[in-house]
Protein chains: 2
Amino acid sequence: MEFGRKLREAVVRNNSLLCVGLDPNPQHLPASVSITQFNREIVAATHDLVCAYKPNFAFYEARGIEGMRALEETVSCIPSDIPVIGDAKRGDIGNTAKQYARALYDSFGFDAATISPYLGFDSVEPFIAYAEKGVFLLCRTSNPSAKDFQDLVAEGKPLYEHVALKAMEWNAHGNVGLVVGATYIHELARIRELCPGMNLLVPGIGTQGGDIEAAVRRGTDSTGAGIILNVSRAVIFASPNSDFAEAARLSASQLRDDINRHRASL
Amino acid sequence: MEFGRKLREAVVRNNSLLCVGLDPNPQHLPASVSITQFNREIVAATHDLVCAYKPNFAFYEARGIEGMRALEETVSCIPSDIPVIGDAKRGDIGNTAKQYARALYDSFGFDAATISPYLGFDSVEPFIAYAEKGVFLLCRTSNPSAKDFQDLVAEGKPLYEHVALKAMEWNAHGNVGLVVGATYIHELARIRELCPGMNLLVPGIGTQGGDIEAAVRRGTDSTGAGIILNVSRAVIFASPNSDFAEAARLSASQLRDDINRHRASL
């Protein structure tokens, strides 16, 4: 099923804008639990509370082949009616970008992927060409150093606004979205203004400290959705012990309800 | 051995500024030759002609687990006195970037890696912190769409110059370099001017059409080196048949000699 539709249906079915980031940092995994087992239990405990899952490649690649196998197994244990976003932040010249698109969409089977915009259109086009798949371009990221380059002002606009405008221009198939950190509410509001109907993937609430109310208020579209709020550590590592899955369910449930309370007062 | 020293020694020992890009596009591999076998034969045929090898992750990831295993095997078949650059173009927030650095340097064992600058300092710092390893930041890339964002002028300078200046500022360990396409000679010259002593990783000669003479003339440092000229397709796919390794040797040898002819007339 096309990514946008799958996402909208999951949002409605689970009444949720929460995405859980499956980032199994080895330092925080409970003793004698494998990555795959950990993720399988997190998914089993939360799949009726989320609109998407988002594994970040770094946490799998750091474990080499074994980690990549765990990533494959993780994707395959997620129910097929919940979209899975491959957080890869890839970006390379056209000939090479085609291979990355194949890796993310065909080989791993992700419904959507995150992409770095630095190399421009020909690095993004091979992803956009998969019209059934979603493409989230990094726009204004959630980290403290995001300002180093993304805030540089050219032609009267910061770089991240140039990226947002190009994303609109490149969105012929309607499958392009943007990554915008909840830690920068002013920028989030501005991007929503520039791109009224676009899906925004918003990390930064939870451990990174972004404010849920502000993210919902300034990030949602005119339907009260259009925003995917990603939380990783605050859900998956809610407990360091063997009750991690129950604790993750409780945390995800509270986050979903918090988000929905603010949606209700929009 | 520290990357910079390993590189300088290979440059002198093989009298070469040529880097061979190990990008085994499955569509171009000779019939019934595996990725590992192909790379092993290319390396055996060229290792006395190059200063480095550079596998690009995309061509391995597109084959899933099997491809990642081939990447591991490829790294292990390269003689230990030739530096291997992992062309990954990763870039993520600090907590996650640490995992990518671990993947590239500890798990795969690369001597250097390419990194995207879009997320700023905290996304690059975990790589720089490996003082023995090299870090090549994307600066002005070789592709036609590089201009989309990299040429935007902020505070009187294009974005790629901001990246070059930040790279200088972040280079406390002397292990930071830049990726600059040979297809943009004006930009290459400008970056060499801004960063006189930095290693530049320069793709774009060969199939992409960059001019060797201009790249050598404008890219080398005051010692006539400091530049790594990467060629992939024009070497590894010099012949589509079973004589691919011999053909690669011939092509690499001609490229090395061409480059050296232009170095001699500096």
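User: What makes both faces of S3(A) count as covered?

Analyst: On one side Ile85(A), Asp87(A) and Lys89(A) are buried, and on the other Gly86(A), Ala88(A) and Arg90(A) are buried too. Buried means that 20 or more other C-beta atoms lie within 10 Å of the residue's own (exposed: 12 or fewer; partly exposed: in between; C-beta atoms are placed from the backbone). In a regular strand, side chains alternate between the two faces of the sheet. Six of the six residues of strand S3 (residues 85-90) of chain A are buried, so this strand is largely enclosed by the rest of the structure.

User: How are the residues and chains labelled, and what kind of model is this?

Analyst: Residues are numbered from 1 along each chain as its sequence is written, while chains are lettered from A and ligands numbered from 1 in the order in which they are written. The model is predicted: local features need pLDDT of at least 70, side-chain atom pairs count only at pLDDT 80 or more, and totals for chains, interfaces and linings use all residues.

User: Why are S3(A) and strand S4 (residues 112-115) of chain A said to pair?

Analyst: Strands are DSSP runs of E with at least two residues, helices are runs of H or I with at least four, and both are numbered from the N terminus. Two strands pair if DSSP finds at least two bridges between them. S3(A) and S4(A) have three bridges and run in the parallel sense. In S4(A), Ile115(A) is the bridge partner of Arg90(A).

User: How many bridges join S1(B) to S2(B)?

Analyst: Four bridges join these parallel strands, and Val20(B) stands opposite Tyr53(B) in S2(B).

User: Why does Ile205(A) count as buried?

Analyst: Ile205(A) has 26 C-beta neighbours inside 10 Å, and therefore counts as buried. Ile205(A) sits in the loop between strand S9 (200-202) and H10 of chain A. Beyond its neighbours within four places in sequence, Ile205(A) is in contact (C-beta atoms, placed from the backbone, within 7 Å) with residues including Ala182(A), Ala215(A) and Leu229(A). Ile205(A) and Ala215(A) are ten residues apart in sequence, and their C-alpha atoms are 8.4 Å apart.

User: How do you know that the span of helix H12 (residues 244-264) of chain B agrees with what is expected?

Analyst: The expected span is 1.5 Å times one less than the number of residues. For the 21 residues of H12(B) this gives 30 Å, and the end C-alpha atoms are 30 Å apart, which agrees. Among the buried residues of H12(B) are Phe244(B), Leu255(B) and Ile259(B). The buried residues of this helix pack against elements of chain B including strand S1 (18-22) and helix H2 (35-46).

User: What relation does chain A have to chain B, and how do you know?

Analyst: Copies are superposed by least squares on the C-alpha atoms of residues with pLDDT of at least 70 in both. A turn of 180° and a shift of 0.0 Å along the axis lay chain A on chain B with an RMSD of 0.0 Å. That is the relation of a two-fold axis. In chain A, the C-alpha nearest the axis belongs to Ala154(A), 2.2 Å away.

User: Why can it be said that the copies meet through the same surface?

Analyst: They do so because 100% of the interface residues of chain A are also interface residues in chain B. The contact takes 46 residues from chain A and 46 residues from chain B. On the side of chain A that touches chain B, H5(A) gives the largest share, seven residues.

Key: Two residues are in contact if their C-beta atoms, placed from the backbone, lie within 7 Å.
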